[in-house]
Amino acid sequence: MSDRLAVEAKELDAGDELADLRARFVLDTASDRADGVAGVYLDGNSLGALPAAVPGRVEDVVRRQWGELRIRSWDESGWWTAPERVGDRIAPLVGAATGQIVVGDSTSVNVFKALVGAVRLADDAGDARRGDRGVRGVRGVRDEILVDATTFPTDGYIAESAARLTGRTLIPVTPGDVPAALSERTAAVLLNHVDYRTGRLHDLPSLTAAVHAAGAIAVWDLCHSAGALPVGLDEHGVDLAVGCTYKYLNGGPGSPAYLYVRRELQDRFDSPLPGWNSHAEPFGMRETYEPARGALRGRVGTPDILSMLALEAALDVWEGVSIETVRAKSLALTDFFLECVAAYVPEGQVESLTPVRHEERGSQVALRCDHAGDVMRRLMARGVVGDFRRPDVLRFGFTPLYVGFADVERAARILGEELRRSG
Ligand SMILES: Cc1ncc(COP(=O)(O)O)c(C=O)c1O
Ligand SMILES: Nc1c(O)cccc1C(=O)C[C@H](N)C(=O)O
């Protein structure tokens with residue numbers, strides 16, 4: 001072990017203003033493990049840890065709100081308005097003013113709503129530009145959708161279907177090549193803020209500006225950035241955005257995703273899934289659909305209340321926490337991890353796929369490594385939990401709310417030991 005790095009980790013932990021937040025989570029301690037060494041959880045970029053307040057809240061929701069109040073809870077316990085209320089709790093974390101985010105459904109479903117909605121907005125704008133003389137639905141104007149070619153697969157699958165349904169051609173493009181691929185034919189662009197595999201952070205402000213300069217609609221997937229770094233949705237004029245809540249927002253397995261529709265676009269947002277929950281008068285039981293105003297236009301059917309209220313409780317951990325401080329710690333953690341890996345791992349055994357430049361780095365480090373699946377199994381057996389992405393990537397996610405610098409040093413040291421053993 002390098003004493004220098006272990007000492008440095010101690011000093012960094014002592015100066016960490018977020019260190020106390022770890023107590024807001026349920027995590028392994030040394031006594032939970034047979035080897036007497038506390039585990040290191042570096043998989044919050046897949047499933048965030050459990051906030052300590054969640055079990056009690058869920059118990060109350062189940063026993064009292066459901067068990068005793070039953071149907072009255074839709075009003076008395078605020079169930080009916082939860083999608084917008086919880087959306088407003090997420091809003092400051094992604095730089096959105098209130099009233100623009102609705103929570104519900106999976107990320108995949110929200111990608112569908114956002115992308116088809118984006119193409120319809122582009123159609124609409126085209127009609128307006130032609131003074132409404134254009135024939136709606138005639139192709140040849142904005143007939144292309146660009147999608148991140150390196151995307152997490154679900155976004156690509158949904159984009160392909162959205163393109164087929166709207167009669168557009170889907171063009172996969174790596175994010176850096178988007179400006180060159182944009183044209184007057186582009187209707188909408190779907191991009192990931194942080195790449196799920198490499199941890200690369202894409203330049204949301206400049207890419208959004210380029211999409212707008214081409215007259216197209218920008219849709220961002222924030223799964224791997226929300227809760228880890230500032231997003232600035234309003235500031236950068238993002239049109240639509242989606243994200244999951246089970247990674248850096250710690251909402252729990254299958255917690256509902258969210259949809260952001262910029263305020264100026266809400267009246268024109270035409271959801272492809274216009275369920276009764278987004279009706280202007282849901283209990284009017286009308287034969288014809290009339291969309292509600294505002295963010296709740298993105299709702300579909302009955303919200304998944306148990307998961308949503310678990311998420312609401314999970315968001316309490318953000319009380320008094322600034323996303324800028326989280327970002328600063330995230331970069332310090334990933335810098336320190338890369339430094340420890342360089343010191344502990346024999347030369348040439350791993351190659352970082354994660355950019356070195358802070359402006360291009362999310363909150364994870366991805367290391368290419370031979371036999372990565374086997375290596376990750378051995379790390380997990382020693383209490384270091386990251387994940388393996390085929391064919392050869394070790395992923396380590398750093399959640400600043402509960403990961404410390406000593407964790408980082410230990411994870412890198414154990415990785416070095418295991419690779420030395422196999423190398
Ligand atoms: C970028 C990205 N989009 C979407 C998803 C998943 O979507 P869903 O919540 O529908 O499973 C993930 C991870 O699961 C992801 O990393
Ligand atoms: N959503 C997941 C799931 O239901 C099971 C296992 C993993 C996930 C994930 O979130 C994977 C994650 N999006 C990734 O970046 O790989």
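Student: What places Phe 152 in a loop?

Tutor: Phe 152 sits between strand E5 (144-148) and helix H6 (153-166). Helices (H or I, at least four residues) and strands (E, at least two) are DSSP runs numbered from the N terminus, so Phe 152, lying between two such runs, is a loop residue. Do keep in mind that this is a predicted model, where local features need pLDDT of at least 70, side-chain atom pairs count only at pLDDT 80 or more, and totals for chains, interfaces and linings use all residues. Residues are numbered from 1 along each chain as its sequence is written, chains are lettered from A and ligands numbered from 1 in the order written, and side-chain values use heavy atoms, leaving out hydrogens and water.

Student: Which residues are around ligand 1?

Tutor: Phe 152 turns up again, with Ser 106, Thr 107, Ser 108, Thr 154, Asp 155, Asn 192, Asp 221, Cys 223, His 224, Tyr 246 and Lys 247. Each is in the shell because one of its heavy atoms lies within 4 Å of the ligand. Helix H5 (107-129) and H6 each contribute at least two residues to this shell.

Student: Why is the shell of ligand 1 divided into three nonpolar, six polar and three charged residues?

Tutor: The classes are fixed by residue type: Ala, Val, Leu, Ile, Met, Phe, Trp, Tyr, Cys and Pro are nonpolar, Asp, Glu, Lys and Arg are charged, and the others, Gly among them, are polar. Asp 221 is in this shell, so it counts as charged.

Student: What makes His 224 a polar contact of ligand 1?

Tutor: A side-chain N or O atom of His 224 is 2.7 Å from an oxygen atom of ligand 1. A polar contact to a ligand is a pair of N or O atoms within 3.5 Å, so this pair qualifies. Ser 108 offers another, at 2.6 Å from a ligand 1 oxygen, and the side chain of Asp 221 comes to 2.8 Å from a ligand 1 nitrogen. The protein covers 84% of the 390 Å² of accessible area (Shrake-Rupley, 1.4 Å probe) that ligand 1 has on its own.

Student: How do you know that Lys 247 makes a polar contact with ligand 2?

Tutor: A nitrogen atom of ligand 2 is 2.5 Å from an N or O atom in the Lys 247 side chain, which means the pair passes the cut-off. For Tyr 246 the distance to a ligand 2 nitrogen is 3.2 Å, and His 224 places a polar side-chain atom 2.9 Å from a ligand 2 oxygen. Alone, ligand 2 exposes 380 Å², of which the protein buries 59%. The shell of ligand 2 has three nonpolar, two polar and three charged residues; Arg 389 and Arg 395 are among its members.

Student: Why do the UniProt "binding site" residues not all gather at one spot?

Tutor: The unreviewed entry lists, among them, Thr 107, Phe 152, Asp 221, His 224 and Thr 302. They span 196 residues in sequence, and the farthest two C-alpha atoms are 30.7 Å apart, so they do not all gather at one spot. Of the listed residues, Phe 152, Asp 221 and His 224 are in the lining of the second largest cavity.

Student: What is the volume of the second largest cavity?

Tutor: About 30 Å³, in a structure with two cavities of 30 Å³ or more. Its lining has four nonpolar, two polar and two charged residues, including Val 194 and Tyr 196.

Student: How do you know that the bond from Arg 390 to Pro 391 is cis?

Tutor: Its omega is near 0°. Pro 391 is in the loop between strand E14 (387-389) and strand E15 (393-397).

Notes:
On a 1 Å grid over the protein atoms alone, a cavity is a set of points where a 1.4 Å probe fits but cannot get out, and a pocket is an open set with protein on both sides within 12 Å along at least five of seven lines; lining residues have an atom within 4 Å of a point. Grid points are joined across faces, edges and corners, and a volume is the space filled by probe spheres set on the points. A polar contact is a pair of N or O atoms within 3.5 Å; within protein, one must be able to donate a hydrogen and the other to accept it, and residues adjacent in sequence count only if both atoms are side-chain atoms. UniProt positions are given in the numbering used here, feature names are shortened, and annotations may be inferred rather than shown by experiment.
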